[in-house]
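Colleague: Please give me a close look at one part of this model, the surroundings of the ligand. Then follow the chain outwards from there, in short steps.

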Amino acid sequence: MERTKILVTGGAGYIGSHAVVELYEAGFQPVIVDDFSNSQESSVRGIEDILGVRVACHHIDCGDAEALRAIFAEEGSLRGVIHFAAFKAVGESVQKPLAYYQNNVGSLLTLLTVMQEFGVPHLVFSSSCTVYGVPDVLPVTELTPRKPANSPYGNTKKICEDIITDVVHAPASTVRAILLRYFNPIGAHASAKIGELPLGVPQNLVPFVTQTAAGIREKLTIYGNTYDTPDGTNIRDYVHVVDLAKAHVTAVQRLLDGAGEAVETFNVGTGRGNSVLEVVQAFERATGVKLNYVIGEPRAGDVPAIYADVTKSVQELGFQTTTSLEDSLASAWKWQQTL
Ligand code: UD1
């Protein structure tokens, strides 16, 4: 039987590469589009090593309408798109807002235009819990009001959610969509053939932790311990990247089945909040490696605490994470050691 073709923009990136593997293993034919601005060819080789097959990979910027049209034409029967391709560094977005709006919003506009031209009906979009801002009530459900974004990056996610919703609701729309709001993705594929490849000094917690453990960084600075949380450090919902990747497969299948509303939103998290200190302790337990860390000043723009209510994603999407924090951190460490 012919596999159903799904275009994966940003398919060579951290989350995208794991989604490509899970899509193929679930019986789909993933087709990668990536401009390699924040990813490397080596992750495509890692994917192919894991799967033991070649995966189509087009080196283009998906904001380039002509190039994207050529790929839609060449690939023919695309049934859906998972749109990962975007810039994602909060701090950088404050420095370069135009680049973020241009890339994140611009590429979505181009993608939706080309999807409509070619009659490709299904879209899964990478959104983020950043759309909740600093929430008044925890955990956050999909009905928790979105707050003004605290960075241009966060604003691009809100704007993209709104654009997709408007496009789906247009009377002549041929597109249906699922918006996945990711909490904090961590870890790597069990094979350690793909994982996170931060450019330069990592901004995110777990790659900084593993690089510190590996001796690449001298110490981890924990950004503040006087927040209104049990141990004073920030609380997040750390979701294993393979679990997160599987949520995309479930979302694609739901769209293909025609289930649910024309546009739906789901949180993708574990439903569990862990503090930065708990992550450090869990890493030490999982790996037996002692981590050098100090407490520093709070980082500007950090949300004190956020974690997901996963009732809707469990009950309606039928998705649940299975990987513990320790196992997620152990996979991140195994990946770091292979780098
Ligand atoms: C944020 C956004 C998320 C976005 C991601 C992209 C929110 C709630 N989350 O994640 O939507 O996709 O950036 O990068 O806006 N920490 C340290 N020391 C470090 C690094 C991090 O203590 O060296 C702490 C942070 O203060 C935070 C936690 O670790 O409490 C996680 O930080 P990080 O991995 O950067 O993710 P978020 O800021 O939660």
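Modeller: Start with one term. A residue counts as near a molecule if one of its heavy atoms lies within 4 Å of that molecule. The model is a predicted one.

Now the ligand. How many residues surround the ligand? There are 19. The closest are S128, T221, N234, R236 and D302. Next, look at three side chains that put polar atoms beside ligand oxygen atoms. Y153 has a polar side-chain atom 2.9 Å from an oxygen atom of the ligand. For N184, an N or O atom of the side chain is 2.9 Å from a ligand oxygen. For N204, the distance from a polar side-chain atom to an oxygen atom of the ligand is 3.0 Å.

Stay with Y153. This residue is part of helix α6, and it takes part in the contact with helix α5. So what is the geometry of that pair? Helix α5 covers residues 97-118, and helix α6 covers residues 152-169. Their axes lie 9 Å apart, at an angle of about 20°. Because of that, α5 is roughly parallel to α6. The crossing is right-handed.

Which residues meet there? From α5 come P97, Y100, Y101, N104, V105, L108, L109, L112 and Q116. From α6 come P152, Y153, N155, T156, I159, C160, I163, I164 and V167. Sorted by class, this contact of α5 with α6 holds 14 nonpolar residues, four polar ones and no charged ones.

Now look at the loop between β5 and α6. Strand β5 spans 122-128, and P139 sits in the loop between β5 and α6. The peptide bond joining L138 and P139 is cis, with omega of about -10°.

Move on to helix α7, residues 205-213. Its partner is helix α11, residues 325-338. The two axes come within 10 Å and cross at roughly 55°. Therefore α7 and α11 are oblique to each other. Their crossing is right-handed. On the α7 side, V206, P207, T210, Q211 and A213 make the contact. On the α11 side, L329, A332, W333 and Q336 meet them. Of these residues, six are nonpolar, three are polar and none is charged.

Last, a third pair of helices. Helix α1, residues 14-25, packs with α2: the axes come within 10 Å and cross at roughly 25°. That angle is why α1 counts as roughly parallel to α2. The crossing of α1 and α2 is right-handed. S17, V20, V21, Y24 and E25 in α1 meet I47, I50 and L51 in α2. By class, the contact has six nonpolar residues, one polar and one charged.

One more stop, beside α2. F36 lies in the loop between β2 (29-34) and α2 (41-51). What is odd about the backbone of F36? Its phi is positive, about 55°, although F36 is not a glycine.

Methods. Residues are numbered from 1 along each chain as its sequence is written. This is a predicted model: local features need pLDDT of at least 70, side-chain atom pairs count only at pLDDT 80 or more; totals for chains, interfaces and linings use all residues. Side-chain values use heavy atoms; hydrogens and water are left out. Axes are lines fitted to C-alpha atoms, for helices over the stretch in contact, and angles run from 0 to 180 degrees between N-to-C directions. Helices (H or I, at least four residues) and strands (E, at least two) are DSSP runs, numbered from the N terminus. Angles under 35 degrees count as roughly parallel, over 145 as roughly antiparallel, 65 to 115 as roughly perpendicular and the rest as oblique. A crossing is left-handed if the near helix is turned anticlockwise from the far one by less than a right angle, and right-handed if clockwise. Contact means heavy atoms within 4.5 Å. Ala, Val, Leu, Ile, Met, Phe, Trp, Tyr, Cys and Pro count as nonpolar, Asp, Glu, Lys and Arg as charged, and the others, Gly among them, as polar. A polar contact is a pair of N or O atoms within 3.5 Å; within protein, one must be able to donate a hydrogen and the other to accept it, and residues adjacent in sequence count only if both atoms are side-chain atoms.
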